[in-house]
Amino acid sequence: MAENVLPEKGLSLYRKVRNALLGALTAVAFVLAVTPLLAIIYVAYDRGKAALSLSFLTTLPGGFPVGIEGGIANGIVGSLILIVIASLLSVPVGVWAGLYLWDQSHTPLAKATRLLSDLLLGVPSVIWGVVGFYVFSTNTGYGFHWGFSGLAAGLTLGFIMIPIVTRVTEQALRDVPRSYIEGALALGASRFQVVRGLAIPAAITGIGTGILLGVLNVLGQTAPLIFTNYYNTGIPKNLVGSNGSVGDLAMQIFIYIHEPSKGLHVKAMAAALVLTLIVLLLDMGIRLLAWGSRKYAQRMG
Amino acid sequence: MEPESPAFPVPKIEVKNFSAFYGKTQALHNVDFTIYERKITAMIGPSGCGKSTFLRSLNRMNDFFLDFRVEGSATLDGEEIYGPAVNPVLIRQRVGMVFQKPNPFQKSIFENVAYGLRIQGVKSRSVLSDIVEKSLKAAALWDEVKDRLNGSAFSLSGGQQQRLCIARALAVEPEVILLDEPASALDPISTARIEELMQDLKDRYTIAIVTHNMQQAARVSDRTAFFLDGTLVEVNDTTKIFTNPEDPRTEDYITGRFG
């Protein structure tokens, strides 16, 4: 009979149970993965809400202990300065290195660069910090003598960013379909024309994501700053030497929470909420940008 | 009485004792082969027989495989394609290529066709417009896209995209066009259009096509070459190959005994 040819409809009891069990496990894993983010936002808001206001973002710390009055403008400005310095170093170097790894992927130098990048990605940030201290900050170090300063910290953070930008750039270029590249080469395009006119535009959102990942990493670093910059309650006039330190959101939270002052703890958690929201907004921004440019490319080219 | 087609075909690409290697693997063994001007030459053979490697060797598209190397001679109008002073970019401007899967750029229809000219430094909008129109007409795509030249190339169907890629190749005025299984990803109607197009183009271009489809080779080509295991088994007029092949292996293949 024809109906006997087909397997029996429906699932066996064993498969039903297994489906339900694995489904439940997936749900639990999902909840566990998402809970920390909600917890961070909730705790930061709950502990810091008393300090939140618009002026919190726009005023400098004041009162005694310092910070009990005023806001985190020093931290916002300082973090911005550090991001700019770190990006000025790491974006050109990292993108260029990523381009090199993609184009010359099998040369010994490329293999060595890739290996070293991966090793650098794993170096603990406190080590970056102390090495940055010896190289850039201290007078008994290796010649820069910049003291605790924005430049010393910015460059240290920039060096942390380079391998991130490098590897993400390489990956983004690898994701450009080979047929796309061959199409241009077959028309007599030079390698440089292909890279500039097709490969980089096709990979640009991926490269942008890599830069953002680096920036987010820089935003969250405290250990390197402890040794190369420390902290400033005001807006710095210099980026090297005395009074060359900049404020920084992560450092601000770190310092406030160490003070035996309930008021500062509230400020710290409010700052934590602001920092978390900045990171989330930047992340959503780049996703929106990537999505938008894909739409644009599909429509227009 | 047509001066356009001389009684004796003129060699365009001459290949002598040509071998190709990927690292230690030899993909082509001592191929001797001539592609004549303004003829359609088809290359057939089972998967992995070296026909695509051979085609891609003719405009140095295999240079990008790091361990690829060749031995022997391959000339374009008597000039060594792999000569030490030869710039592969200039070879590719003279020997264009269309690939198996349509690969339009993430650009508008107009910019896809104009790309090859732009990279040569052509900036004049009117020159570009003229050549884009001419190329799209030559690729039998103009009527379908003339009202949406600024639309994305990805909005076209697969068959249209492949004709766009042909137009793109024509725009740089190559002398030879290499087609690497250009219709294998297309439906029968689109395939028929590409085949008609090839007949139109052969008055002006030398065409070499790799195809999996023996009927296609029989329909479109003047000469057919049969490759097997990296060697050229037989090359002759298409009618001769398909009606009275000299080598028993050719006969086995075209009658469907293997491959």
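This note goes through the sheet of chain B and the interface between chain A and chain B.

1. The model is predicted, with local features requiring pLDDT of at least 70, side-chain atom pairs counting only at pLDDT 80 or more, and totals for chains, interfaces and linings using all residues. Residues are numbered from 1 along each chain as its sequence is written, chains are lettered from A in the order in which they are written, and side-chain values use heavy atoms, without hydrogens and water.

2. In chain B, four strands (DSSP runs of E, at least two residues, numbered from the N terminus) make an open, antiparallel sheet in the order S2-S1-S4-S5, where pairing requires at least two DSSP bridges between two strands. Strand S2 (25-36) and strand S5 (79-80) of chain B each have a single partner strand, so one side of each lacks a neighbour in the sheet.

3. Within this sheet, strand S1 (residues 11-22) and strand S4 (residues 68-76) of chain B run antiparallel and are joined by eight bridges, and Ala20(B) lies opposite Val70(B) in S4(B).

4. Turning to the interface, 24 residues of chain A are in contact with 27 residues of chain B, contact meaning heavy atoms within 4.5 Å. Tyr180(A), Ala186(A) and Leu187(A) supply 29% of the area that chain A buries against chain B, more than any other three residues, buried area being the accessible area (1.4 Å probe) lost when two parts are put together, summed over both.

5. One salt bridge (a side-chain nitrogen of Lys or Arg within 4 Å of a carboxyl oxygen of Asp or Glu) is found across this interface. Arg56(B) forms a salt bridge with Glu182(A), their closest N and O atoms being 2.6 Å apart.
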